[in-house]
Amino acid sequence: MITSAADYHRHTGYDRHSLGVPRFLDWTNQPNTYKEYPGLKTTAISRDISHDAMLSRIIGEKYPGQSSADFSFEHLCSILGLTYTLTGKTHHSGGGVFFHRSVPSAGGLYPCELYMASRYVPGLESGLYHYAMGQHVLEEMRTGNFNEKGYVLTFFITVIFFRSAWKYRDRAYRYHLLDSGHLIENLVLTLKSLNLPFESDYDFDDECVSHLLGLDPEKEVCLAAVGVPGSDSDSGAETAEKLPESFYKASKMAFGESSYPAVEEIHRNTARGVIQREPVPDILSQTGIFPHSWIKIPSPDIFPEKMNYSQAIQKRRSLRNFVKTPLPKIQFEALIAFLCADDLADDTVCTGFLSGNVEGLEPGCYWLNRSESSAGQTQSGILTDNMAHICLNQEWLSQAALLFFFVTNLKYLEQTFGPRGYRHAMLTAGRLGQRLYLAATVLGLGCCGIGAFYDKEAGGLLELNEDSEMLYLAAAGPVKKFD
Ligand SMILES: Cc1cc2nc3c(=O)[nH]c(=O)nc-3n(C[C@H](O)[C@H](O)[C@H](O)COP(=O)(O)O)c2cc1C
């Protein structure tokens with residue numbers, strides 16, 4: 001029985017000397033890639049998006065935009081097209097085709113679904129919609145206004161447990177959260193790029209949202225909601241009647257789905273909302289890290305961006321062909337500036353990096369103070385080789401100029417924020433991962449998220465105290481072939 005996030009991490013940790021790492025897949029039970037609601041009325045979303053904002057401009061905005069008053073259907077097309085969309089395909093030697101999306105996903109399993117409650121969108125009846133991303137259409141689930149808090153739009157990001165659990169079993173909930181974090185970040189950056197105000201919420205009532213969306217809560221759950229405020233604070237939301245049984249059945253993705261009790265238990269365990277939402281001043285010291293020296297990392301005057309945000313969304317891929325070319329200083333400074341921008345509160349997570357090959361920077365282990373844009377060093381020497389070995393011997397990681405990692409103290413997190421703090425930390429780690437993917441892409445660099453690692457060994461290499469864990473890692477740096 002899982003009783004806490006620390007328990008869940010212990011239970012799902014990979015260990016070099018014992019099993020736990022997935023070894024075979026039951027192809028007869030492969031989950032559906034797309035959720036289907038046969039027979040619902042659909043509205044097509046245009047793929048024609050004219051959008052030329054640069055990432056540096058988007059993250060440089062101090063506050064979300066001012067008004068959603070002139071919201072149009074074109075805005076909606078941009079939001080959906082830039083948040084969650086198919087971006088290309090790879091043909092496998094065996095004849096299969098893999099469709100890439102605007103977000104990465106552990107194992108390419110894409111557990112996330114996107115729903116939307118709308119009101120006052122010209123050309124779209126107020127209602128609740130499922131976004132069928134494969135066909136790029138909205139499926140009308142119910143009509144009426146289901147926006148709370150005066151929102152004109154509310155997006156709901158859900159995950160279907162079995163999609164990732166099919167491969168990763170009990171460890172899948174980590175990837176459910178990280179993958180969702182990637183998607184939240186795309187959504188939020190897109191809203192910012194359109195100068196739309198927004199509020200993200202990870203602390204809603206799970207049962208109410210499952211009821212509204214017609215989810216089978218043992219199979220599919222909502223992990224985040226993002227609302228776009230309107231001009232009045234009371235939206236006059238309607239009470240949602242129970243949807244027909246067929247909606248609940250749509251959460252099933254394969255004939256013989258197995259259930260993974262640890263996934264359901266950790267989700268239930270983290271149901272209680274956060275205790276406190278004051279910023280935590282010093283999560284770094286809680287992980288047992290006390291850097292011996294700090295360096296300021298200035299933000300470049302001009303970011304060396306090779307493409308705009310919408311091009312980066314299309315071009316983003318997980319690249320693994322890193323080369324030992326030193327990372328130029330200006331690109332390093334730009335990457336750090338993108339990560340340190342103060343629009344992404346990350347008081348549940350500490351960010352650090354192993355520098356392997358950065359112009360003018362001693363190889364070693366560094367930790368970011370995001371508000372100061374500075375890095376504190378704790379270790380010297382090339383540690384990227386060791387980390388590659390720890391990441392299930394993915395040796396290509398040792399070639400990367402930088403290995404970023406996201407860390408938290410699970411015990412402190414629970415004491416400070418309550419059980420739901422775990423969701424906050426993992427979603428934030430995913431958001432930072434997506435920020436890094438996009439930053440690397442606009443700079444013409446490679447990036448790849450890494451969720452597979454021997455947990456205890458990672459904590460040991462980073463010198464974390466026993467209550468702290470590495471949640472996620474992402475490699476970034478020059479690659480052999482970017483295009
Ligand atoms: C949470 C997460 C964990 C991942 N872990 C790994 C990993 O351990 N090794 C790896 O090579 N790729 C990893 N990836 C990258 C995925 O394999 C990749 O996103 C997926 O195959 C789709 O390809 P694309 O990102 O190029 O579109 C991870 C991605 C995410 C979001």
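A polar contact here is a pair of N or O atoms within 3.5 Å. Keep that cut-off in mind as you move through this predicted model.

Start by selecting the ligand and Q394. An N or O atom in the Q394 side chain lies 2.8 Å from a nitrogen atom of the ligand. Next, add H100, where a polar side-chain atom is 2.7 Å from a ligand oxygen atom. Then show the backbone of A452: one of its polar atoms is 3.5 Å from an oxygen atom of the ligand. With the surface switched on, look at how the ligand is wrapped: on its own it has 620 Å² of accessible area, and the protein covers 89% of that.

Now widen the selection to the shell of 23 residues around the ligand, of which H100, S318, R320, Q394 and G449 come nearest. Colour the shell by class and you will find 11 nonpolar, eight polar and four charged residues.

Which strands and helix should you highlight for supplying at least two shell residues each? Pick β3 (97-101), β15 (446-450) and α5 (172-193).

Finally, zoom out and colour by domain. Domain 1 (5-269) and domain 2 (283-477) each give at least three residues to the shell, and the ligand sits in the largest pocket.

Notes: Residues are numbered from 1 along each chain as its sequence is written. This is a predicted model: local features need pLDDT of at least 70, side-chain atom pairs count only at pLDDT 80 or more; totals for chains, interfaces and linings use all residues. Side-chain values use heavy atoms; hydrogens and water are left out. A residue is near a molecule or strand if one of its heavy atoms lies within 4 Å of it. A polar contact is a pair of N or O atoms within 3.5 Å; within protein, one must be able to donate a hydrogen and the other to accept it, and residues adjacent in sequence count only if both atoms are side-chain atoms. Accessible areas come from the Shrake-Rupley method with a 1.4 Å probe; for residues, only the protein chains shown count as cover. On a 1 Å grid over the protein atoms alone, a cavity is a set of points where a 1.4 Å probe fits but cannot get out, and a pocket is an open set with protein on both sides within 12 Å along at least five of seven lines; lining residues have an atom within 4 Å of a point. A molecule sits in a cavity or pocket if more than half of its atoms lie within 2 Å of its grid points. Helices (H or I, at least four residues) and strands (E, at least two) are DSSP runs, numbered from the N terminus. Ala, Val, Leu, Ile, Met, Phe, Trp, Tyr, Cys and Pro count as nonpolar, Asp, Glu, Lys and Arg as charged, and the others, Gly among them, as polar. Domain bounds come from an automatic or database domain assignment.
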